[in-house]
Amino acid sequence: SSSSFCSESRECLQFDLLCRTDEYEVRRSSCVYASIITSLEPMKRVSEFLNCPKCVCVCAGVRFEMTAPVLVEVPEEVKMWEPAIYTLSFLLPSAYQEHPPTPTNDKLYFSDMPDMDVYVRSYGGWMLSITSRLHAHLLSRALLRAHAHFNHTHHYTVGYDSPLKLLNRHNEVWYVVEGDPVCGEEHTPDTH
Ligand SMILES: *[C@@H]1O[C@H](CO)[C@@H](O)[C@H](O)[C@H]1NC(C)=O
């Protein structure tokens with residue numbers, strides 16, 4: 001990938017930029033992710049996943065070079081009496097996109113997300129649960145103002161950088177688009 005924020009991993013998610021406003025972008029991608037469900041504090045797990053820039057993840061019995069980003073699906077409403085359940089996903093390397101290996105761990109599964117359109121807000125610095133929730137809140141407010149429909153049940157916290165990277169860190173928060181993406185007239189790319 002040529003994205004400026006794809007600096008540490010050899011392979012990063014490729015996407016089409018559908019449109020952009022001052023407050024968010026709309027992107028479309030079709031990828032297969034390796035996913036695992038966890039009730040642990042997901043930010044710690046993301047750090048583990050991204051701990052070594054050149055690290056290799058053993059998943060489904062196959063060794064993968066790490067890819068970016070790592071996604072954490074965060075439920076929007078956390079119930080006090082139930083442990084929060086997070087889904088952690090990372091992009092399968094392109095060599096495995098067509099034919100994912102058979103999982104050897106029963107907690108691991110492959111999730112195909114074809115034509116996934118997302119509203120994206122980017123931010124720098126360290127990705128902590130609190131900053132991620134703040135940016136999810138700011139994005140949802142901007143989407144409501146734009147009358148953009150999105151899935152309110154969860155958002156994705158999206159990390160690209162290992163903890164070793166200190167400067168120009170890049171993080172994102174995503175909401176899944178429902179219906180047609182809304183961007184406002186003036187920023188729609190000229191398709192003629
Ligand atoms: C929103 O996302 C949840 C969880 O992935 C899913 O179960 C639900 O069907 C989605 N809602 C719509 C309207 O697509």
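In the predicted model, the side chains of Arg-28 and Asp-117 form a salt bridge, with a distance of 2.7 Å from N to O. Because Arg-28 belongs to strand 3 and Asp-117 to strand 9 (residues 108–123), this pair ties together parts that are 89 residues apart in sequence. The two partners differ in their exposure class: Arg-28 is partly exposed, with a relative accessible area of 32%, whereas Asp-117 is buried, at 9%.

Salt bridges that share partners also join Arg-20, Glu-25, Arg-27 and Glu-172 into one network. Within this group, Glu-172 and Arg-27 meet through their side chains at 3.0 Å, N to O. The pair links distant parts of the chain, since Glu-172 is located in strand 11 and Arg-27 in strand 3 (residues 25–38), 145 residues apart. Both of these residues, Glu-172 and Arg-27, are buried. A further salt bridge connects Arg-20 with Glu-25, whose closest N and O atoms are 3.5 Å apart. Arg-20 is partly exposed, with 43% relative accessibility, while Glu-25 is buried because its value of 16% falls under the 20% limit. The count of salt bridges in the model comes to five, among them the pairs Arg-28 with Asp-117, Glu-172 with Arg-27 and Arg-20 with Glu-25.

Nonpolar side chains tend to be buried together in soluble globular proteins. In the present model, the largest nonpolar core comprises 18 residues, of which Tyr-33, Tyr-156 and Trp-174 touch the most other members. At least two residues of this core are supplied by each of strand 3, strand 9, strand 10 and strand 11. The greatest contribution is that of strand 9, which gives four residues. A second core, separate from the largest one, contains 15 residues and includes Ile-36, Val-72, Val-74 and Phe-90.

Nonpolar side chains are also present at the surface, where Trp-126, Leu-128, Ile-130, Leu-166 and Leu-167 make a patch of about 590 Å². One of these residues, Leu-166, is situated in the loop between strand 10 (154–159) and strand 11 (171–176). Leu-166 is classed as exposed because its relative accessible area of 61% is over the 50% limit. Strand 10 and strand 11, which flank this loop, are also among the strands that each supply at least two residues to the largest core.

Technical notes
Residues are numbered from 1 along each chain as its sequence is written. This is a predicted model: local features need pLDDT of at least 70, side-chain atom pairs count only at pLDDT 80 or more; totals for chains, interfaces and linings use all residues. Side-chain values use heavy atoms; hydrogens and water are left out. Patches are made of residues with over 30% relative accessible area and no salt bridge: like charges are joined within 9 Å, nonpolar side chains (Val, Leu, Ile, Met, Phe, Trp, Tyr) within 5 Å. Accessible areas come from the Shrake-Rupley method with a 1.4 Å probe; for residues, only the protein chains shown count as cover. A salt bridge is a side-chain nitrogen of Lys or Arg within 4 Å of a carboxyl oxygen of Asp or Glu. Buried means under 20% relative accessible area, exposed over 50%, partly exposed in between (1.4 Å probe, protein chains only). A nonpolar core is a set of buried Ala, Val, Leu, Ile, Met, Phe, Trp, Tyr and Cys residues joined through side-chain atoms within 4.5 Å.
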